Amino acid sequence: MASSTATPPALLEATRNSTVAWQDDLQALFDDAKERFPDVVWELHGDENAASNGAEEVWGHKAVVYARAPPTFQARYFQFRPPPATSPGPYSSSPPAQSALSLTLGGELNGISRSPSPFRVASPAPSTSNGALLRLPTMINPTLFSKELEYLYTGKGFGEAFEFLFDTSEVREDGDAEEARIDKLRKDLVFMWRSRLYSDVKIALTGTFSSSNHENTTAVFSSHRFILVSRSPYFRTQLQQWGVKQAPGEPLTLNLPSPPFTPASLHFTLGFIYTGTLVFSHRTFDLDTSFHIMRSAAYLALDTLYDEIQARIVQEMMHGLFHAFLEFSEYESITGGKWGTGGCKQLARCLECEER
């Protein structure tokens, strides 16, 4: 059992815990970026005279900047032209990349809008493809720059005085700035994951995933090492402590067992790793996939995911059994007294309960 508490939390508490843990992990990612597979470092000089005295280094990840930074930030601190892209390897499902991927002053890549979209092309190559760390010297106050970059990673710590740089005027007008920033951060990170922006690791499952086809098939998911090590103790051990051998010319691939993993459960598990919630897309999951997600969470030592999916199973899928998670008065209030202490009273006529 991977539950993080002696008494399983109810859904509201579980989702809140998931968000808090996700925010803490992203803060730790920003604070310790140098130790978590960075592929870009800014050499910051406060003024021209400071250049001769050395520069302060701030480490980061190209994928975060591409997915999150507005045109103002990109134009000031992230203008470069990557080397020509190579042809996609046998593991790539993305179209051949364009060579002219330098960031324009309009904040677009190759004329494609930077707004999160599942139809946007992938990055030209994995961030570690050429083994080179991108260094970008710039003349800016290190403290100011660090605060701006921290905002990209965490959605907080920036301050209203500079929010205009990040196109958030509509957030201030709406009044609920905190919720809007979290929602925007989640959407950007989903975009980063799905578009494979500078993805540098693949996760493979091999097994029989279809009841009509009994042959083994392999499902492959793209991801980012810096996200995996920041969010999962299992992946942190795999990638940082044990190390993973990589065949020359082949992408770095992690293999996970099936069971407990299925393509559906890994999709939702990875989405949770990136966003801190299971509600990150319009896709839904049934009871069978829910139990696979629970087992996946236990395997990856994701306590908050385990607690959240357990609460969703009990409260959303088991028709009233969630009274075990709540005070009886609260349970009665939510159900309107219709289900009693034993759950749904309509068992003979409830097709959902009958099926489950």
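## Close-up views of a predicted model

**View 1. The open sheet of the predicted model is built from three strands that follow the order 2-1-3, with mixed pairing.** Its edges are formed by strand 2, covering 56–60, and by strand 3, covering 134–139, each of which pairs on one side only. From one strand to the next, the twist averages 25°.

**View 2. Strand 1 and strand 2 run antiparallel and are joined by five bridges.** Strand 1 comprises residues 40–45, and in this pairing Val-41 has Trp-59 of strand 2 as its bridge partner.

**View 3. Helix 4, which spans residues 142–154, packs on the sheet.** The helix touches strand 1 and strand 2, and its direction makes an angle of about 5° with that of strand 2.

**View 4. Helix 11, made up of residues 303–317, reaches 20 Å from its first C-alpha to its last.** For the 15 residues of this helix, that reach is close to the 21 Å expected at 1.5 Å a residue.

**View 5. Helix 11 is mostly covered, with twelve of its 15 residues buried.** The buried residues include Thr-304, Leu-305, Tyr-306, Asp-307 and Glu-308, followed along the helix by Ile-309, Gln-310, Ala-311, Arg-312, Ile-313 and Val-314, and Met-317 is also among them.

**View 6. The buried residues of helix 11 pack against three other helices, namely helix 1, helix 9 and helix 10.** Of these packing partners, helix 1 covers 11–31, helix 9 covers 263–275 and helix 10 covers 287–300.

Notes:
Residues are numbered from 1 along each chain as its sequence is written. This is a predicted model: local features need pLDDT of at least 70, side-chain atom pairs count only at pLDDT 80 or more; totals for chains, interfaces and linings use all residues. Side-chain values use heavy atoms; hydrogens and water are left out. Two strands pair if DSSP finds at least two bridges between them. Helices (H or I, at least four residues) and strands (E, at least two) are DSSP runs, numbered from the N terminus. Axes are lines fitted to C-alpha atoms, for helices over the stretch in contact, and angles run from 0 to 180 degrees between N-to-C directions. Contact means heavy atoms within 4.5 Å. The expected span of a helix is 1.5 Å times one less than its number of residues. Buried means under 20% relative accessible area, exposed over 50%, partly exposed in between (1.4 Å probe, protein chains only).
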